[in-house]
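These entries record what I looked up, in the order in which I looked it up. I begin with a definition and then turn to rings, ligand, single residues and backbone.

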Amino acid sequence: MGCNDCPRRCDAARGELTGRGVCGMGTTPIVARAALHRWEEPCLSGTRGSGTVFFCGCNLGCRFCQNRVISTRSGAAVGRPVTVDGLVRLYDKLAALGAHNINLVTPTHYIRAVAESLSRWEKKCPVVYNTGGYELTETVALLRGKVDVYLPDMKYADASLAARFCGAPDYPTVAAAAIRAMAEQTGDPVFDERGILLRGTVIRHLVLPGFLENTFDVIDWVVDTFGRTGRVLFSLMSQYTPMPGAEPDRRLTPDEYERVAAYMDARGLRIGFMQELSSAQEEYIPPFDRTGVEEE
Ligand code: SF4
(Lines give C-alpha, C1' and ligand atoms only; values in the text may rest on other atoms or scores of the structure.)
Protein backbone atom coordinates (compact mmCIF):
# COMPACT_ATOMS: atom_id res chain seq x y z
CA MET A 1 0.00 0.00 0.00
CA GLY A 2 1.25 3.48 -0.83
CA CYS A 3 1.85 6.30 1.60
CA ASN A 4 -1.02 8.62 2.50
CA ASP A 5 0.48 9.90 5.72
CA CYS A 6 0.07 13.59 4.97
CA PRO A 7 -2.38 15.80 3.01
CA ARG A 8 -0.48 15.17 -0.22
CA ARG A 9 -1.96 11.65 -0.14
CA CYS A 10 0.49 10.52 -2.80
CA ASP A 11 -0.40 6.83 -2.39
CA ALA A 12 3.23 6.30 -3.40
CA ALA A 13 5.70 3.58 -2.53
CA ARG A 14 8.25 4.42 0.14
CA GLY A 15 11.36 2.41 0.87
CA GLU A 16 13.49 2.74 3.95
CA LEU A 17 15.54 5.73 2.77
CA THR A 18 13.88 7.02 -0.39
CA GLY A 19 10.33 7.25 -1.66
CA ARG A 20 8.34 8.11 -4.76
CA GLY A 21 6.04 10.60 -3.08
CA VAL A 22 6.21 14.40 -3.07
CA CYS A 23 8.49 14.40 -0.02
CA GLY A 24 10.86 11.98 -1.75
CA MET A 25 11.80 10.45 1.58
CA GLY A 26 11.67 6.89 2.86
CA THR A 27 10.16 5.88 6.17
CA THR A 28 13.36 5.94 8.26
CA PRO A 29 13.93 9.48 9.56
CA ILE A 30 17.02 11.26 8.30
CA VAL A 31 18.30 13.90 10.71
CA ALA A 32 20.63 16.75 9.71
CA ARG A 33 21.23 18.27 13.15
CA ALA A 34 20.25 17.73 16.77
CA ALA A 35 21.47 20.55 18.96
CA LEU A 36 20.52 23.42 21.23
CA HIS A 37 19.12 26.28 19.16
CA ARG A 38 18.81 29.83 20.47
CA TRP A 39 16.92 31.49 17.64
CA GLU A 40 13.38 30.29 18.25
CA GLU A 41 10.82 32.50 19.99
CA PRO A 42 12.06 33.54 23.48
CA CYS A 43 9.46 31.32 25.20
CA LEU A 44 10.98 28.30 23.43
CA SER A 45 14.71 29.13 23.38
CA GLY A 46 14.78 30.48 26.92
CA THR A 47 18.29 30.86 28.33
CA ARG A 48 19.63 27.39 27.50
CA GLY A 49 18.20 26.79 24.05
CA SER A 50 15.58 24.66 22.36
CA GLY A 51 16.57 21.05 21.66
CA THR A 52 16.02 21.06 17.92
CA VAL A 53 15.97 17.94 15.79
CA PHE A 54 16.11 18.96 12.11
CA PHE A 55 14.60 16.32 9.84
CA CYS A 56 15.58 16.14 6.16
CA GLY A 57 12.89 16.34 3.48
CA CYS A 58 9.55 18.14 3.47
CA ASN A 59 6.00 17.50 2.26
CA LEU A 60 5.64 21.10 1.03
CA GLY A 61 8.81 22.09 -0.84
CA CYS A 62 8.12 25.85 -0.97
CA ARG A 63 10.10 27.72 -3.58
CA PHE A 64 11.36 30.21 -1.01
CA CYS A 65 12.46 27.61 1.57
CA GLN A 66 15.20 28.89 3.89
CA ASN A 67 16.26 25.32 4.74
CA ARG A 68 16.44 23.98 1.21
CA VAL A 69 19.86 22.49 1.91
CA ILE A 70 18.03 19.77 3.82
CA SER A 71 14.42 20.04 2.64
CA THR A 72 14.79 18.86 -0.97
CA ARG A 73 15.27 15.29 -2.14
CA SER A 74 19.02 15.77 -2.36
CA GLY A 75 18.93 17.11 1.20
CA ALA A 76 18.74 13.57 2.49
CA ALA A 77 22.46 13.22 1.79
CA VAL A 78 23.15 15.95 4.34
CA GLY A 79 21.81 13.96 7.27
CA ARG A 80 22.01 10.48 8.74
CA PRO A 81 19.30 7.83 9.10
CA VAL A 82 18.15 7.46 12.70
CA THR A 83 16.07 4.58 14.06
CA VAL A 84 13.12 5.07 16.38
CA ASP A 85 15.29 4.11 19.36
CA GLY A 86 17.98 6.44 17.99
CA LEU A 87 15.47 9.30 18.10
CA VAL A 88 14.72 8.46 21.73
CA ARG A 89 18.45 8.65 22.49
CA LEU A 90 18.68 12.03 20.72
CA TYR A 91 15.85 13.38 22.90
CA ASP A 92 17.63 12.14 26.03
CA LYS A 93 20.92 13.73 24.96
CA LEU A 94 19.28 17.09 24.24
CA ALA A 95 17.42 16.99 27.55
CA ALA A 96 20.74 16.20 29.32
CA LEU A 97 22.29 19.26 27.62
CA GLY A 98 19.62 21.36 29.35
CA ALA A 99 17.20 21.86 26.46
CA HIS A 100 14.02 23.61 27.54
CA ASN A 101 12.13 21.39 25.11
CA ILE A 102 12.54 18.85 22.33
CA ASN A 103 11.73 20.68 19.10
CA LEU A 104 10.91 18.41 16.15
CA VAL A 105 11.44 20.46 12.98
CA THR A 106 9.54 19.35 9.85
CA PRO A 107 8.60 15.89 11.16
CA THR A 108 5.37 15.44 9.15
CA HIS A 109 6.58 12.94 6.55
CA TYR A 110 8.14 10.80 9.31
CA ILE A 111 5.02 10.88 11.46
CA ARG A 112 4.92 7.13 12.09
CA ALA A 113 8.48 6.91 13.40
CA VAL A 114 8.17 10.20 15.28
CA ALA A 115 4.92 9.19 17.01
CA GLU A 116 6.45 5.83 17.96
CA SER A 117 9.59 7.51 19.35
CA LEU A 118 7.47 9.84 21.47
CA SER A 119 5.51 6.85 22.79
CA ARG A 120 8.76 5.21 23.88
CA TRP A 121 10.42 8.31 25.32
CA GLU A 122 10.29 8.94 29.04
CA LYS A 123 9.48 12.60 28.75
CA LYS A 124 11.86 14.98 30.51
CA CYS A 125 10.73 18.29 29.02
CA PRO A 126 7.94 19.54 26.74
CA VAL A 127 7.80 18.30 23.14
CA VAL A 128 7.36 20.90 20.38
CA TYR A 129 5.93 19.82 17.01
CA ASN A 130 7.36 22.37 14.57
CA THR A 131 5.57 22.04 11.24
CA GLY A 132 4.87 23.76 7.96
CA GLY A 133 1.20 23.47 8.87
CA TYR A 134 0.23 21.09 6.07
CA GLU A 135 -1.03 18.35 8.38
CA LEU A 136 -3.91 15.93 8.57
CA THR A 137 -6.23 16.37 11.54
CA GLU A 138 -5.72 12.62 12.07
CA THR A 139 -2.03 13.35 12.68
CA VAL A 140 -2.92 15.93 15.32
CA ALA A 141 -5.19 13.35 16.99
CA LEU A 142 -2.40 10.77 16.90
CA LEU A 143 -0.09 13.19 18.73
CA ARG A 144 -2.50 13.84 21.60
CA GLY A 145 -0.66 13.27 24.88
CA LYS A 146 2.72 13.16 23.11
CA VAL A 147 3.09 16.77 21.99
CA ASP A 148 2.84 19.71 24.38
CA VAL A 149 3.43 22.66 22.06
CA TYR A 150 2.40 22.95 18.43
CA LEU A 151 4.41 25.39 16.34
CA PRO A 152 2.68 25.38 12.94
CA ASP A 153 3.25 27.80 10.11
CA MET A 154 0.25 29.43 8.52
CA LYS A 155 2.09 30.20 5.29
CA TYR A 156 -0.71 31.00 2.89
CA ALA A 157 -4.27 32.24 3.19
CA ASP A 158 -4.31 32.61 -0.59
CA ALA A 159 -4.90 29.32 -2.46
CA SER A 160 -3.38 30.61 -5.69
CA LEU A 161 -0.20 31.62 -3.86
CA ALA A 162 -0.05 28.17 -2.23
CA ALA A 163 -0.46 26.59 -5.67
CA ARG A 164 2.25 28.81 -7.11
CA PHE A 165 4.83 28.32 -4.37
CA CYS A 166 4.31 24.71 -3.28
CA GLY A 167 1.73 23.13 -5.60
CA ALA A 168 -0.82 22.74 -2.80
CA PRO A 169 -3.88 24.93 -3.48
CA ASP A 170 -5.67 23.25 -0.57
CA TYR A 171 -3.04 24.48 1.88
CA PRO A 172 -5.19 27.29 3.38
CA THR A 173 -8.13 25.02 4.24
CA VAL A 174 -5.98 22.03 5.29
CA ALA A 175 -3.70 24.12 7.52
CA ALA A 176 -6.65 26.01 9.02
CA ALA A 177 -8.35 22.76 10.05
CA ALA A 178 -5.11 21.32 11.45
CA ILE A 179 -4.29 24.46 13.44
CA ARG A 180 -7.80 24.60 14.89
CA ALA A 181 -7.37 20.97 16.02
CA MET A 182 -3.97 21.78 17.54
CA ALA A 183 -5.30 24.75 19.51
CA GLU A 184 -8.28 22.76 20.69
CA GLN A 185 -5.95 19.99 21.88
CA THR A 186 -3.43 22.17 23.73
CA GLY A 187 -5.86 24.71 25.15
CA ASP A 188 -4.65 28.13 26.25
CA PRO A 189 -0.89 28.76 26.52
CA VAL A 190 0.72 27.74 29.82
CA PHE A 191 4.11 29.15 30.88
CA ASP A 192 6.45 28.28 33.72
CA GLU A 193 7.75 30.89 36.15
CA ARG A 194 10.65 31.71 33.77
CA GLY A 195 8.32 32.37 30.85
CA ILE A 196 9.05 29.08 29.05
CA LEU A 197 6.06 27.75 27.17
CA LEU A 198 4.97 24.40 28.61
CA ARG A 199 1.82 23.92 26.59
CA GLY A 200 0.03 25.75 23.81
CA THR A 201 -0.05 26.58 20.12
CA VAL A 202 2.13 29.20 18.44
CA ILE A 203 1.19 30.11 14.88
CA ARG A 204 4.08 31.35 12.77
CA HIS A 205 3.83 33.37 9.61
CA LEU A 206 6.74 34.35 7.38
CA VAL A 207 6.04 37.59 5.53
CA LEU A 208 6.87 37.15 1.85
CA PRO A 209 8.23 40.37 0.28
CA GLY A 210 5.80 41.61 -2.36
CA PHE A 211 2.89 39.50 -1.08
CA LEU A 212 1.57 41.53 1.83
CA GLU A 213 -2.09 40.82 1.02
CA ASN A 214 -1.43 37.19 1.91
CA THR A 215 -0.06 38.29 5.28
CA PHE A 216 -3.03 40.55 5.92
CA ASP A 217 -5.37 37.63 5.16
CA VAL A 218 -3.45 35.36 7.56
CA ILE A 219 -3.71 37.99 10.30
CA ASP A 220 -7.44 38.29 9.60
CA TRP A 221 -7.84 34.53 9.86
CA VAL A 222 -6.01 34.36 13.19
CA VAL A 223 -8.06 37.19 14.69
CA ASP A 224 -11.36 35.91 13.29
CA THR A 225 -10.69 32.32 14.39
CA PHE A 226 -9.05 32.74 17.78
CA GLY A 227 -9.80 36.29 18.85
CA ARG A 228 -7.25 38.90 19.74
CA THR A 229 -5.92 37.40 22.92
CA GLY A 230 -5.48 34.20 24.75
CA ARG A 231 -6.09 30.96 22.90
CA VAL A 232 -3.05 30.95 20.59
CA LEU A 233 0.18 32.92 20.27
CA PHE A 234 1.13 34.49 16.97
CA SER A 235 4.69 34.90 15.73
CA LEU A 236 5.29 37.15 12.76
CA MET A 237 8.59 36.50 11.00
CA SER A 238 10.09 39.22 8.88
CA GLN A 239 13.53 37.71 8.39
CA TYR A 240 13.01 36.24 4.92
CA THR A 241 16.44 35.72 3.36
CA PRO A 242 16.36 34.75 -0.33
CA MET A 243 18.42 31.74 -1.25
CA PRO A 244 20.02 31.67 -4.72
CA GLY A 245 17.28 31.29 -7.36
CA ALA A 246 14.46 31.63 -4.83
CA GLU A 247 11.24 33.57 -5.27
CA PRO A 248 10.76 36.18 -3.82
CA ASP A 249 14.31 37.28 -4.61
CA ARG A 250 14.66 40.11 -2.11
CA ARG A 251 14.26 40.90 1.55
CA LEU A 252 11.37 42.76 3.13
CA THR A 253 11.66 46.54 2.88
CA PRO A 254 11.25 48.82 5.93
CA ASP A 255 8.08 50.19 4.34
CA GLU A 256 6.59 46.69 3.99
CA TYR A 257 7.53 45.91 7.57
CA GLU A 258 5.81 49.08 8.78
CA ARG A 259 2.66 48.27 6.80
CA VAL A 260 2.44 44.80 8.35
CA ALA A 261 3.07 46.17 11.85
CA ALA A 262 0.35 48.77 11.29
CA TYR A 263 -2.09 46.10 10.07
CA MET A 264 -1.45 43.92 13.11
CA ASP A 265 -2.01 46.94 15.29
CA ALA A 266 -5.21 47.88 13.48
CA ARG A 267 -6.57 44.35 13.94
CA GLY A 268 -5.52 44.40 17.59
CA LEU A 269 -3.31 41.32 17.26
CA ARG A 270 -0.90 41.66 20.17
CA ILE A 271 -0.60 38.09 21.37
CA GLY A 272 2.88 36.96 20.52
CA PHE A 273 6.10 37.89 18.85
CA MET A 274 7.31 40.05 16.02
CA GLN A 275 10.84 39.87 14.68
CA GLU A 276 12.72 43.05 14.12
CA LEU A 277 13.52 43.68 10.47
CA SER A 278 17.21 43.87 11.41
CA SER A 279 17.16 40.15 12.29
CA ALA A 280 17.26 39.21 8.59
CA GLN A 281 20.63 37.49 8.60
CA GLU A 282 21.73 34.12 7.36
CA GLU A 283 23.29 33.11 10.68
CA TYR A 284 19.78 32.37 11.97
CA ILE A 285 19.93 29.33 9.70
CA PRO A 286 22.08 26.80 11.59
CA PRO A 287 24.84 24.74 9.96
CA PHE A 288 23.42 21.39 8.86
CA ASP A 289 26.52 19.41 9.67
CA ARG A 290 25.11 16.37 11.52
CA THR A 291 25.91 17.94 14.87
CA GLY A 292 24.50 15.63 17.50
CA VAL A 293 23.72 12.80 15.08
CA GLU A 294 27.15 11.85 13.77
CA GLU A 295 27.69 9.37 16.57
CA GLU A 296 24.26 7.68 16.23
S1 SF4 B 1 4.51 11.62 3.62
FE2 SF4 B 1 5.52 11.92 1.61
S3 SF4 B 1 4.93 10.13 0.39
FE4 SF4 B 1 3.52 10.22 2.14
S5 SF4 B 1 1.74 11.34 1.43
FE6 SF4 B 1 3.11 12.85 2.36
S7 SF4 B 1 4.42 13.66 0.72
FE8 SF4 B 1 3.42 11.76 -0.03
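Entry 1, burial. I count a residue as buried when its relative accessible area is under 20%, as exposed when it is over 50%, and as partly exposed in between. By that cut-off both Trp221 and Phe226 are buried. I note here that the model I am reading is a predicted one.

Entry 2, aromatic pairs. I looked up how many aromatic pairs the structure holds, and there are twelve. I then examined the pair of Phe55 and Tyr110: the ring centres are 5.8 Å apart and the planes stand at 50°, so I entered the pair as tilted. Phe55 belongs to strand E2 (residues 50-55), while Tyr110 is in the loop between strand E4 (102-105) and helix H4 (111-120), so the pair ties together parts that are 55 residues apart in sequence. Phe55 has a relative accessible area of 2% and is therefore buried. Tyr110, with 1%, is buried as well.

I went on to the rings of Trp221 and Phe226, whose centres are 5.6 Å apart with planes at 90°, so this pair is edge-to-face. Which residues do ring pairs link into a cluster? I found Phe64, Tyr134, Tyr156, Phe165, Tyr171, Phe211 and Tyr240.

Entry 3, the ligand. I looked up the space taken by the ligand and found that it is the largest cavity. Around the ligand I listed Cys3, Asp5, Cys6, Arg8, Arg9, Cys10, Arg14, Gly21, Val22, Cys23 and His109. I sorted this shell by residue class and obtained five nonpolar, two polar and four charged residues.

Entry 4, Asp5. I followed Asp5 further, as one of the residues around the ligand. Asp5 lies in the segment before strand E1 (30-37). Is Asp5 buried or exposed? Its relative accessibility is 14%, so Asp5 counts as buried. Leaving out residues up to four places away in sequence, I found Asp5 touching Arg14, Ile111, Arg112, Leu136 and Thr139. Of these contacts, Arg14 is also among the residues around the ligand. I also looked up the separation of Asp5 from Met154: 149 residues in sequence and 20 Å between the C-alpha atoms.

Entry 5, Phe288. I located Phe288 in the segment after strand E10 (272-274). Its relative accessibility is 14%, so I entered Phe288 as buried. Which residues is Phe288 in contact with, leaving aside its neighbours within four places in sequence? I recorded Ala32, Arg33, Phe54, Asn67, Val69, Ile70 and Val78. For Arg164, 124 residues from Phe288 along the chain, I noted a C-alpha separation of 28 Å.

Entry 6, backbone. Most residues other than glycine have a negative phi, and most peptide bonds are trans. I therefore looked for departures from both patterns.

I found a cis peptide bond joining Glu247 and Pro248, with omega about -5°. Pro248 is placed in the loop between strand E9 (233-237) and helix H9 (254-267).

Thr106 is not a glycine, yet its phi is positive, about 55°. I located Thr106 in the loop between E4 and H4; at 22% relative accessibility, Thr106 counts as partly exposed.

Arg290 has a positive phi too, near 65°. Arg290 lies in the segment after E10, and its relative accessibility of 23% means that Arg290 counts as partly exposed.

Technical notes: Residues are numbered from 1 along each chain as its sequence is written. This is a predicted model: local features need pLDDT of at least 70, side-chain atom pairs count only at pLDDT 80 or more; totals for chains, interfaces and linings use all residues. Side-chain values use heavy atoms; hydrogens and water are left out. A residue is near a molecule or strand if one of its heavy atoms lies within 4 Å of it. On a 1 Å grid over the protein atoms alone, a cavity is a set of points where a 1.4 Å probe fits but cannot get out, and a pocket is an open set with protein on both sides within 12 Å along at least five of seven lines; lining residues have an atom within 4 Å of a point. A molecule sits in a cavity or pocket if more than half of its atoms lie within 2 Å of its grid points. Ala, Val, Leu, Ile, Met, Phe, Trp, Tyr, Cys and Pro count as nonpolar, Asp, Glu, Lys and Arg as charged, and the others, Gly among them, as polar. Helices (H or I, at least four residues) and strands (E, at least two) are DSSP runs, numbered from the N terminus. Buried means under 20% relative accessible area, exposed over 50%, partly exposed in between (1.4 Å probe, protein chains only). Contact means heavy atoms within 4.5 Å. Rings of Phe, Tyr and Trp (its six-membered ring) pair if their centres lie within 6.5 Å; planes under 30 degrees apart count as stacked, over 60 as edge-to-face and the rest as tilted.
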